[in-house]
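I'm opening my notebook and looking for empty spaces first, then the surface, then a few odd residues.

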Amino acid sequence: MERDMYFDNARWLMIALVVFGHLIQPYQDMLILQTSYTWIYTFHMPVFIFLAGFFAKGMGHKAAIEKLVKKLLLPYLFFQVIYTLFYYAIGKEDWLQSVLIPQWALWFLISLFCWHMLLILFKYVRPLLGIPLAVLIGVLAGYVDTIGSELSLSRTFVFFPFFLIGYWATKEQLAVLRRLPIRIGASVVLISAGVILYHFPDLSSGWLLGSKSFAEIGADESGGLIRMLVYVISAGMMASVLSLIPAKETPFSKYGQRTLYVYLLHGFAIQYIRVEDLFEVSNTLDILGLLFVAFSIVWILSQRWVLRIWKPLIELKS
């Protein structure tokens, strides 16, 4: 069956932004990088999670659940151990965490499994009711201090609406998004968001990460309204990005099939760069250098020889 290049292009672009976002995180004393970081985080994980939900159709039966355990939970345990040992080796202070607190970006594996489990119930609820209900759960979770990083519970509840939207979305609806007038509007939305964030850089990234309670972010009672606003912003940014993804094959399309490898492995490079403080960023040329480094990491980790080495741990196949 012929692959749909639209989805491969979307996955490749999002994983490239994930790596770039993680790379520039320590350099937010530069306003342009702070703006870029916040701008990326308004949409890149919502899009990734939307795509995961889109391809979750037909999931929920016993065989599928067993497959998810093998595909998500076992690699989580393997990489939790590997990253813990790696952090110890490079002298990272918080290298020893509970097995229930995901190291680095491993939260996505646990949350992805949980989203599929939630789908067993939510797929029987009409989207006009189910999606608002998921949003309500995401808002209420912020008021519970005990819902946090353990088992990635906070992110699971906060990001579940995007997964559910993806589950109910159709190719026809995505095709509507790619109509020219909507694409023009999407470009305006993305550019405007960048300009606004540049001039108002005080938005806490904690609202976009979804990993902390409102009390931890410092919002308390107003947290629910702010999270609702963040949902609206992220949904608009997500739709705008999905509108502009090319549907034709590009030189990067084939790498869109290998994003799980990049996602799980890029932390070794990023964390080493951070601990060793390898880069000093002070001008535009340095920023271009970071872009080159980020895309080089994505390209290297997408190569077939990397897949052959790590396939036994990631896919449990030889």
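Before I sort any lining by class, I need the rule: Ala, Val, Leu, Ile, Met, Phe, Trp, Tyr, Cys and Pro count as nonpolar, Asp, Glu, Lys and Arg as charged, and the others, Gly among them, as polar. I also remind myself that this is a predicted model.

**Entry 1: the second largest cavity**

I started with the second largest cavity, which holds about 30 Å³ of space. Its lining is made of Gln-34, Thr-35, Thr-38, Leu-197, Phe-200, Pro-201 and Leu-203. Sorted by class, that gives 4 nonpolar, 3 polar and no charged residues. Which helix gives the most to this lining? I found that helix H2 (residues 31–41) does, with 3 residues.

**Entry 2: the largest cavity**

How many cavities of 30 Å³ or more does the structure hold? I got 2. The largest cavity has a volume of about 100 Å³. I wrote down its lining: Tyr-41, Pro-46, Val-158, Phe-159, Phe-162, Trp-207, Leu-208, Arg-227, Val-230, Tyr-231 and Ser-234. The class count here is 9 nonpolar, 1 polar and 1 charged. Three helices each supply at least two of these residues: H7 (153–168), H10 (206–209) and H12 (223–244). H12 has the largest share, with 4 residues.

**Entry 3: an open pocket**

Next I looked up the second largest pocket, and its volume came out at about 830 Å³. It is lined by 33 residues, and the closest to its centre are Trp-104, Trp-107, Arg-155, Leu-209 and Ser-211. Several helices give two or more residues to this lining: H1 (5–24), H2, H3 (44–54), H7, H10 and H13 (259–276). By class, I noted 15 nonpolar, 12 polar and 6 charged residues.

Trp-104 made me curious about distances, so to speak, and I checked one pair. The C-alpha atoms of Trp-104 and Arg-308 are separated by 23 Å, and the two residues are 204 apart along the chain. Arg-308 itself sits in helix H15 (residues 304–314). It counts as exposed because its relative accessibility is 60%, and the cut-off for exposed is over 50%.

**Entry 4: a greasy surface spot**

On the surface I found a nonpolar patch formed by Val-69, Leu-74, Leu-77, Phe-78, Val-99, Leu-100, Leu-151 and Leu-153. Together they have about 580 Å² of accessible area. Helix H4 (residues 62–89) gives the most to the patch, with 4 residues. Phe-78 is found in H4. Is Phe-78 buried, partly exposed or exposed? Its relative accessible area is 33%, so I put it down as partly exposed.

**Entry 5: two positive phi angles**

Ser-152 is not a glycine, yet its phi is positive, at about 55 degrees. I found Ser-152 in the loop between helix H6 (127–141) and H7. Its relative accessible area is 2%, so Ser-152 is buried.

Asp-277 is also a residue other than glycine with a positive phi, near 50 degrees. Where does Asp-277 lie? In the loop between H13 and helix H14 (284–301). Asp-277 has 56% relative accessibility, so it counts as exposed.

**Last note to self**

Put side by side, the two loop residues read like this: Ser-152 is buried, whereas Asp-277 is exposed.

Conventions:
Residues are numbered from 1 along each chain as its sequence is written. This is a predicted model: local features need pLDDT of at least 70, side-chain atom pairs count only at pLDDT 80 or more; totals for chains, interfaces and linings use all residues. Side-chain values use heavy atoms; hydrogens and water are left out. Patches are made of residues with over 30% relative accessible area and no salt bridge: like charges are joined within 9 Å, nonpolar side chains (Val, Leu, Ile, Met, Phe, Trp, Tyr) within 5 Å. Accessible areas come from the Shrake-Rupley method with a 1.4 Å probe; for residues, only the protein chains shown count as cover. A salt bridge is a side-chain nitrogen of Lys or Arg within 4 Å of a carboxyl oxygen of Asp or Glu. Buried means under 20% relative accessible area, exposed over 50%, partly exposed in between (1.4 Å probe, protein chains only). On a 1 Å grid over the protein atoms alone, a cavity is a set of points where a 1.4 Å probe fits but cannot get out, and a pocket is an open set with protein on both sides within 12 Å along at least five of seven lines; lining residues have an atom within 4 Å of a point. Grid points are joined across faces, edges and corners, and a volume is the space filled by probe spheres set on the points.
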